[in-house]
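Subject: The structure we talked about

Hi,

Here is the structure I promised to send over. Have a look at it first, and then read on for my notes on what turned up.

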Amino acid sequence: ERLPPRARAFLEAEGDGALADVGLTGLDPGGIARITAPVTVLTGGVSDAFYAPLADALAERIPGARRGTLEGLTHTSPITQPGAVAPAVRAALEPIA
């Protein structure tokens, strides 16, 4: 319900699986709340609009999760620009290093 109409239309065109992913259906909310490992949820600042609400919802449900945005990057940047993503991954791992 929180998705903008354009993002909803995109997901509907992708099929039921994409809408289920955004709604976090099929996930055990209690299971997510029991995660004890450090978690950082990242999205790209120029990713399609539907990624941010999904990431926000995950971060809200995982105790102590950190939420970040990698400005200027997209959803595929871990593959297409790993050097630009690496500092965020290193920063996320620092608390457990």
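Setting aside residues up to four places away in sequence, arginine 67 touches Val41, Leu42, Thr43, Ala52, Ala55, Asp56 and Ala59. Please keep in mind that this is a predicted model. Arginine 67 sits in strand E2, and its relative accessibility of 29% makes it partly exposed. One of its contacts, valine 41, is 26 residues away along the chain, yet the two C-alpha atoms are separated by 4.9 Å.

Two side-chain partners of arginine 67 deserve a closer look. With the side chain of threonine 43, the arginine 67 side chain makes a polar contact of 3.0 Å. With the side chain of aspartate 56, arginine 67 has a polar contact of 2.8 Å, and this pair also counts as a salt bridge, 2.8 Å from N to O. Because arginine 67 lies in strand E2 and aspartate 56 in helix H4 (residues 51-61), the pair ties together parts that are 11 residues apart in sequence. Side chains of opposite charge can pair when their charged atoms come close. Aspartate 56 is partly exposed too, with a relative accessible area of 31%. How many salt bridges does a search of the whole structure find? The count is one.

Threonine 43 is worth a stop of its own. Its place is in strand E1 (residues 40-44). Is threonine 43 buried or exposed? At 10% relative accessibility, threonine 43 counts as buried, because the cut-off for buried is under 20%. Apart from neighbours within four places in sequence, threonine 43 is in contact with Tyr51, Ala52, Ala55, Arg67, Gly68, Thr69 and Leu70. Ala52 and Ala55 are also among the residues that arginine 67 touches.

Just before that strand comes valine 39, in the loop between helix H3 (29-33) and E1. Valine 39 is partly exposed, at 21% relative accessibility. Leaving out neighbours within four places in sequence, valine 39 is in contact with Ile62, Gly64, Ala65 and Arg66.

From here you can look across to leucine 93, which is found in helix H6 (residues 82-93). Valine 39 and leucine 93 are 54 residues apart in sequence, and their C-alpha atoms are 9.0 Å apart in space. Proline 38 and leucine 93 are 55 residues apart in sequence, with 8.3 Å from C-alpha to C-alpha. Leucine 93 has a relative accessible area of 45%, so it is partly exposed. On the surface, leucine 93 joins Val89 and Ile96 in a nonpolar patch, and together the three have about 270 Å² of accessible area.

Serine 77 gives a contrasting case. Its place is in helix H5 (residues 77-80), and with 0% relative accessibility serine 77 counts as buried. Not counting residues up to four places away in sequence, serine 77 touches Pro82 and Val85.

Now for the overall picture. The secondary structure comes to six helices and two strands, and along the sequence they follow the pattern α-α-α-β-α-β-α-α. The protein has 97 residues, of which 27% are buried. Its accessible surface comes to about 6,400 Å², with 57% of that belonging to carbon and sulfur atoms. Among contacts between residues at least 6 apart in sequence, 69% join residues at least 24 apart.

A word on confidence, too. The mean pLDDT is 82, and 76% of the residues reach 70 or more. Which element has the lowest mean pLDDT, and which the highest? Helix H2 (residues 16-23) has the lowest, at 53, and strand E2 (residues 66-70) has the highest, at 96. Strand E2 is also where arginine 67 is found.

If you open the model, a handy route is to begin at arginine 67 and its salt bridge to aspartate 56, go on to threonine 43 through the 3.0 Å polar contact, and finish at the nonpolar patch of Val89, Leu93 and Ile96.

Happy browsing, and all the best

Notes:
Residues numbered from 1 in each chain as written. Predicted model: local features only at pLDDT ≥ 70, side-chain atom pairs only at ≥ 80, totals over all residues. Heavy atoms only, no water. Helix = DSSP H or I, 4+ residues; strand = E, 2+ residues; numbered from the N terminus. Buried < 20%, exposed > 50% of the residue type's maximum accessible area, 1.4 Å probe, protein only. Contact = heavy atoms within 4.5 Å. Patch = residues over 30% accessible without salt bridge, like charges linked within 9 Å, V, L, I, M, F, W, Y side chains within 5 Å. Areas by Shrake-Rupley, 256 points an atom, 1.4 Å probe, with all protein chains shown as cover. Salt bridge = Lys/Arg side-chain N within 4 Å of Asp/Glu carboxyl O. pLDDT = per-residue confidence, 0-100. Polar contact = N/O pair within 3.5 Å; in protein donor to acceptor, adjacent residues only side chain to side chain.
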